[in-house]
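Trainee: I would like to learn how to read a helix and a sheet together. Where should we begin?

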Amino acid sequence: DAFQIFGKGIEKESVDILWCDFGVGRRMKEFVGGSNSSDDGSDGDGDGAWSTVAPGGFLLCHSTLTNQGTRDWLEAIRRGEPKEVTGIPPEEVVELSLLEPHKRYQNSITILQKRSHGYAEPIYSQYA
């Protein structure tokens, strides 16, 4: 079960790109936040998908714009709702969503970048 794989052999902050190629709808908070991140208001124990994403890494999710349950979660991220609501600390995430209007199913993608611990891309040159 994808909800139970994190925290069992996958090191924290060890994944550069994690592709969520399934719809978990209203359970996105639980998936990204951890096993205790549920509708009871708890914020999870940090063993969810987000805990495995490295600083600067990405979590990619399908159907975030056109599935109501997943869209509700995405809108909470966009509003900067707290981790107790989304499973992701708002100060750690940058979001980009793309609609694929030519498709009927899995027709959007959201890319979330983890920008924690003072993460910044390196500068390799000083001149254009």
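Mentor: Begin with burial, and keep in mind that this is a predicted model. In helix 3, the buried residues are Gly69, Thr70, Trp73, Leu74, Ala76 and Ile77.

Trainee: Why do these residues lie on the same side of helix 3?

Mentor: Look at their directions around the axis. They cover an arc of only 155 degrees, so they share one side of helix 3.

Trainee: Which elements do the buried residues of helix 3 pack against?

Mentor: Their partners are helix 1, helix 4 (83-86), strand 3 and strand 4.

Trainee: What caps the N-terminal end of helix 3?

Mentor: Asn67 does, with a side-chain oxygen 3.0 Å from the backbone nitrogen of Gly69. After helix 3 comes Gly80, which has a positive phi, near 75 degrees.

Trainee: Now the sheet. In what order do the strands lie?

Mentor: The order is 1-2-4-3, in an open sheet of four strands with mixed pairing. Strand 1 (15-20) and strand 3 (93-99) each have a single partner strand, so one side of each is left without a neighbour in the sheet. Direction ignored, neighbouring strands are turned by 15 degrees against each other on average.

Trainee: How does helix 3 sit relative to this sheet?

Mentor: Helix 3 (residues 68-78) packs on the sheet and touches strand 3 and strand 4. The direction of helix 3 makes about 135 degrees with that of strand 3.

Trainee: How many bridges join strand 3 to strand 4?

Mentor: Seven, and the two strands run antiparallel. Within strand 4, Ile111 is the residue opposite Leu96. Strand 2 (residues 53-62) also pairs with strand 4 (residues 108-114) in the antiparallel sense, over five bridges. On that side, Cys61 stands opposite Thr110, and Phe58 has Gln113 as its bridge partner.

Trainee: Is strand 4 mostly covered or mostly open?

Mentor: Mostly covered: six of the seven residues in strand 4 are buried.

Trainee: Which residues touch the most other members of the largest nonpolar core?

Mentor: Among its 17 residues, they are Val32, Trp50, Leu59, Trp73, Ile88 and Leu112. Two or more core residues come from each of strand 1, helix 1 (28-33), helix 2 (49-52), strand 2 and helix 3.

Trainee: What does Trp73 touch?

Mentor: Leaving aside residues up to four places away in sequence, Trp73 touches Met28, Lys29, Val32, Thr86, Ile88 and Leu112. Trp73 is also one of the buried residues of helix 3, which brings us back to where we began.

Definitions and conventions
Residues are numbered from 1 along each chain as its sequence is written. This is a predicted model: local features need pLDDT of at least 70, side-chain atom pairs count only at pLDDT 80 or more; totals for chains, interfaces and linings use all residues. Side-chain values use heavy atoms; hydrogens and water are left out. Two strands pair if DSSP finds at least two bridges between them. Axes are lines fitted to C-alpha atoms, for helices over the stretch in contact, and angles run from 0 to 180 degrees between N-to-C directions. Contact means heavy atoms within 4.5 Å. A nonpolar core is a set of buried Ala, Val, Leu, Ile, Met, Phe, Trp, Tyr and Cys residues joined through side-chain atoms within 4.5 Å. Buried means under 20% relative accessible area, exposed over 50%, partly exposed in between (1.4 Å probe, protein chains only). The arc is that of the directions from the helix axis to the C-beta atoms. A polar contact is a pair of N or O atoms within 3.5 Å; within protein, one must be able to donate a hydrogen and the other to accept it, and residues adjacent in sequence count only if both atoms are side-chain atoms.
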